[in-house]
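Grab the model, open your viewer, and work through the exercises below. Try each task before you read its solution.

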Amino acid sequence: MKKHFYYSLVLALVLLPASAGAQGFLKDLKNAAKKAVTETADEAVGKAAGDASSAARNASVPNAGTTYYVSREGSNRNDGLSPATAVKNIQKAIDIASEGDNILVAEGNYYGLMNRGNIIVDKPLTLMGGYSSDFSERDVLKHLTTIAPTPESNGSSQGRGTLQLKSINRPGSVMVIDGFIFNKGNAVGYSPKGEGWPEGVETPMFLREGSKGIGGEDLSNKEVYTLETYFIYFDGDRGIINDMNVTVRNCTFVNGSNTSICGLLRGSLTVDNCVFVNNRSTTMDVQGPDREKMTPINFTNNTVLFVWSYTKDLGSQGFGFRFRTGTSCNISNNIIGLTIFSGLDRTHIDGDKAREAKREDSVRDNIFFLNRQTDLTIPGGAMFTRVNVEDFDDVEALADVGGNRSLKDPSIFKGKIDEAYLNAFLNVSYSESTSYDANSAANTFRSAMGMNMTGTMTSSVTMYMNRYPWKKALDLFGAVSGCGAQLPR
């Protein structure tokens, strides 16, 4: 009976208007600790998937190459070959390392050389954050290793990636990015007029690139211009496409001004045990460039929450994961929820029918959680066909769809999601109004001069890409036992 109650509750939240859904959901969050509800099916599936992925997460050990050390207390005049002679910047370590080497990074915040706004990687390496200052311990949730640019570094970025993998054409080589917290929340502009600022949320609404806003950690910087950069960007400089096997694991991506991981890639990509919170457009937008061979993408054991539309009218994008042409994607054991549009988007269809037929996409054992429009979008209709998780088996483009489900017990997120942000998001709305007066003095004059008459339009949104408290995002590791991102080991 209790299971049926919670199942009905979530369905009601999806169907009710935003305000009613928000009130009902928050009420259950507050009362959930008093209710003894056991979701045995969820636990069994989650435990099995979690056990199967533990080997991949625990494999984060340096390879046989030379190891370099990076610490904010180091010096770029050092050789970087020991903790005592660590260099100061990740970029410096990348520049002196050779293909296949390891770079271990101690806690602290890092930029490029001379505090540039991005780090450029030009060879396959293993990059691992989460080390204590003396490198005696590694714990990515204790020894926080952030790549969080400031407004002052915005003008010095070279390219469109906070971490930019630049034309690494090394087929069969391995690139690992493990244990970093990517955060753009202090480097983008927010409304200087305080627009779209719900109670309890850190900032006003986000401003798109080209508009001057306020920003910085305490919003004291009055001239911040947002850069439309990705967190990890596969950059095909001079037409040379990245070709290697890339693994991203145990990372956090929060407050991203554009797609989190983007670009063209040969080889393969695995994104495992990561948390994505409050990012714009979509979490993943990686395309395969080859006609005959698909790029395998494994998106496993991740937690994806709060994905915003590209524009403040809430009408364009806002996808948890986007399937792209030239790839075969395995989407398994993730939590994907609270997106502005849909949890998954598979609306990109290859014009080459033979190439499209080579795609093999699998969606298994995922939890979908209060996505604003639907759980999956596919081609069809005026604004795509919307598919709820219960109907995934009707989608012929997906080769395997077993084990997916809607979240049945919202209490599992109690204390894990910032409540003020959640409340505002569930109630988010956009409005606009126009004003036109043919007899106004301005339009009377314009008409007499043979000019087009004009009107005005105003628009507002209750919130849009407001900054999420980045340390709170770390609470999502292990929030749901066995599904989504687990505590890194």
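**Exercise 1. Find how strand S13 is joined to strand S16, then follow the pairing onwards.**

Step 1. Start with S13 (residues 243-249) and S16 (residues 266-272): they run parallel and are joined by 7 bridges. Here strands are DSSP runs of E of at least two residues, helices are runs of H or I of at least four, and both are numbered from the N terminus. Two strands pair if DSSP finds at least two bridges between them. Before going on, note that this is a predicted model, where local features need pLDDT of at least 70, side-chain atom pairs count only at pLDDT 80 or more, and totals for chains, interfaces and linings use all residues. Residues are numbered from 1 along each chain as its sequence is written, and side-chain values use heavy atoms, with hydrogens and water left out.

Step 2. Pick one bridge: Met244 has Gly267 of S16 as its bridge partner.

Step 3. Move on from S16, which 4 bridges join in parallel to strand S19 (residues 295-300). Thr270 is partnered there by Asn298 in S19.

Step 4. From S19, 6 bridges lead to strand S22 (residues 327-332), again parallel. Look for Thr295, whose bridge partner in S22 is Thr327.

**Exercise 2. Lay out the whole sheet and name its edge strands.**

Step 1. Write down the order: S1-S2-S5-S8-S13-S16-S19-S22-S25-S29, an open sheet of 10 strands with parallel pairing.

Step 2. Check the two ends. Strand S1 (67-70) and strand S29 (398-400) each pair on one side only, and these are the edge strands.

Step 3. Add the twist, which averages 15° from one strand to the next. Axes for such angles are lines fitted to C-alpha atoms (for helices, over the stretch in contact), and the angles run from 0 to 180 degrees between N-to-C directions.

Step 4. Put the sheet in context: the chain has 8 helices and 32 strands.

**Exercise 3. Describe two aromatic pairs and say which parts of the chain they link.**

Step 1. Set the rule. Rings of Phe, Tyr and Trp (its six-membered ring) pair if their centres lie within 6.5 Å; planes under 30 degrees apart are stacked, over 60 edge-to-face, and the rest tilted. Searching the whole structure gives 21 aromatic pairs.

Step 2. Take Phe368 and Phe392: with ring centres 5.3 Å apart and planes at 85°, the pair is edge-to-face. Phe368 sits in strand S26 (residues 367-369) and Phe392 in the loop between strand S28 (385-387) and S29, so the pair ties together parts 24 residues apart in sequence. Both Phe368 and Phe392 are buried; buried means under 20% relative accessible area, exposed over 50%, and partly exposed in between (1.4 Å probe, protein chains only).

Step 3. Now do Tyr421 and Tyr468, whose ring centres are 5.0 Å apart with planes at 75°, so this pair is edge-to-face. The pair links distant parts of the chain, 47 residues apart: Tyr421 is in helix H6 (residues 419-426), and Tyr468 is in the loop between strand S32 (456-461) and helix H8 (470-473). Tyr421 is buried at 1% relative accessibility, and Tyr468 is buried at 1%.

Step 4. Finish with a group: Phe182, Phe231, Phe253, Phe276, Phe299, Phe321 and Phe323 make up one aromatic cluster.

**Exercise 4. Work out the surroundings of Gly318.**

Step 1. Locate Gly318 in the loop between strand S20 (303-308) and strand S21 (319-322).

Step 2. Is Gly318 buried or exposed? Its relative accessibility is 0%, so Gly318 counts as buried.

Step 3. List its contacts (heavy atoms within 4.5 Å). Setting aside neighbours within four places in sequence, Gly318 touches Ser281, Val307, Trp308, Ser309, Thr339, Ile340, Phe341 and Ser342.

**Exercise 5. Inspect two non-glycine residues with positive phi.**

Step 1. Phe135, in the loop between strand S5 (126-131) and strand S6 (145-147), has a phi of about 65°. Phe135 is buried, with a relative accessible area of 11%.

Step 2. Asp365 has a phi of about 60° and belongs to the loop between strand S25 (361-364) and S26. With a relative accessible area of 18%, Asp365 is buried.
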